[in-house]
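Today I am opening my notebook on a new model. I will write down what I looked up, entry by entry, so that you can follow along.

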Amino acid sequence: MSIEKVRDYFRPLGREQDILEFPVSSATVELAAQAAGVIPARIAKTLSFLVEEGCVLIAAAGDAKIDNSKYKAMFHTKAKMLTPEQVSAFTGHAVGGVCPFANPEGVRTYLDVSLRRFDTVFPAAGSGSSAIELTCVELEEYSHALGWIDVCKGWQEAE
């Protein structure tokens, strides 16, 4: 089970007890926001894309959408989301529980600047009914992100 993989990942960091497990689904931004009791924008959704080298994950604010021209400028290819089968094969997480933690080697993770406006955000923790509250600094550290990028749109209007 993917949440167990994430729990094992956080154990040496002393954070496994901080994983929130909800009695309801948190598989979408709206459901996760309801379960965590926060606005949808504070949900750090992890989007998965197919690139020539395999899979790229981008954690972005719940109210952000991929900007195709920014994405293409960054990754030199058209934004093509993974199918549910590809998501599971590349990350080991099912859709709804994809997170920037405990992913196989070769899966590159980036963080979108849309998250930086919040003190804490809530990425999934490996299942469709889990999350963990982290600061952006913790998210960057724990996800081993390759950096902060600007590939989203729509969230600035929400401010």
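**Entry 1: Phe101 and its surroundings**

I began with the contacts of Phe101, skipping its neighbours within four places in sequence: they are Val6, Tyr9, Phe10, His93, Pro123, Ala124, Ile132, Leu134, Leu139, Tyr142 and Ser143. A reminder to myself: this is a predicted model. Is Phe101 buried or exposed? I found a relative accessibility of 0%, so Phe101 counts as buried.

**Entry 2: The nonpolar cores**

Next I looked at the largest nonpolar core, which has 39 residues. Which of them touch the most other members? My list reads Val6, Ile58, Ile66, Phe101 and Leu115, so Phe101 turns up again. I then noted which elements give two or more residues to this core: α1, β2 (43–51), β3 (54–61), α3, β5, α5 and β9. The largest share comes from β3, with five residues. Apart from this core I found another one, of eight residues, including Phe22, Ala32, Ala33 and Val38.

**Entry 3: Aromatic pairs**

How many aromatic pairs are there? The count comes to seven. I wrote down two of them in detail.

One is formed by Phe10 and Phe101, with 4.9 Å from centre to centre and 65 degrees between the planes, which makes the pair edge-to-face. An angle over 60 degrees is what earns that name. Phe10 sits in helix α1 (residues 2–10) and Phe101 in the loop between α4 and β5, so the pair links distant parts of the chain, 91 residues apart. Phe10 is buried too, as its relative accessible area is 0%.

The other pair on my page is Phe75 with Tyr110, also edge-to-face, at 5.3 Å centre to centre and 75 degrees between the planes. Since Phe75 belongs to helix α3 (residues 68–75) and Tyr110 to strand β5, this pair ties together parts 35 residues apart in sequence. I checked burial here as well: both Phe75 and Tyr110 are buried.

I also marked one aromatic cluster, made of Tyr9, Phe10, Phe101 and Tyr142.

**Entry 4: Two helices and their buried sides**

I turned to α5 and asked which residues are buried there. They are Cys136, Leu139, Tyr142 and Ser143. Why do they lie on the same side of α5? Around the axis they cover an arc of only 135 degrees, and that puts them there. I looked up what covers these buried residues, and the list includes α1, β5, β6 (120–123), β8 (134–135) and β9.

Helix α2 (residues 29–36) got the same treatment from me: Val29, Ala32 and Ala33 are buried in it. Down the axis of α2, the buried residues fall within an arc of 100 degrees, so they line one face of the helix. Among what covers them is β2. After α2 comes Gly37, with a positive phi near 70 degrees.

**Entry 5: Positive phi outside glycine**

Before going on, I reminded myself that most residues other than glycine have a negative phi. That made me stop at two residues.

Where is Ala102? I found it in the loop between α4 (84–91) and β5 (108–112). The phi of Ala102 is positive, near 55 degrees, although this residue is not a glycine. Ala102 is buried, because its relative accessible area of 16% is under the 20% cut-off.

His144 comes just after α5, in the loop between α5 (136–143) and β9 (148–149). The phi of His144 is positive as well, about 55 degrees. Buried or exposed, I wondered about His144. With 56% relative accessibility, His144 counts as exposed.

**Entry 6: Cysteines**

My last search was for disulfides, and how many does the structure hold? I counted zero. Why does Cys55 have no such bond? The closest cysteine sulfur, in Cys99, is 12 Å from the sulfur of Cys55, which is too far for a bond. For a disulfide the two sulfur atoms would have to be within 2.5 Å. Cys99 is accordingly in no disulfide. Both residues went into my notes with their accessibility: Cys55 is buried at 2%, and Cys99 is buried at 0%.

Notes:
Residues numbered from 1 in each chain as written. Predicted model: local features only at pLDDT ≥ 70, side-chain atom pairs only at ≥ 80, totals over all residues. Heavy atoms only, no water. Buried < 20%, exposed > 50% of the residue type's maximum accessible area, 1.4 Å probe, protein only. Helix = DSSP H or I, 4+ residues; strand = E, 2+ residues; numbered from the N terminus. Phe/Tyr/Trp six-rings, centres within 6.5 Å; stacked < 30°, edge-to-face > 60°. Core = buried A, V, L, I, M, F, W, Y, C linked by side-chain atoms within 4.5 Å. Contact = heavy atoms within 4.5 Å. Arc of directions from axis to C-beta.
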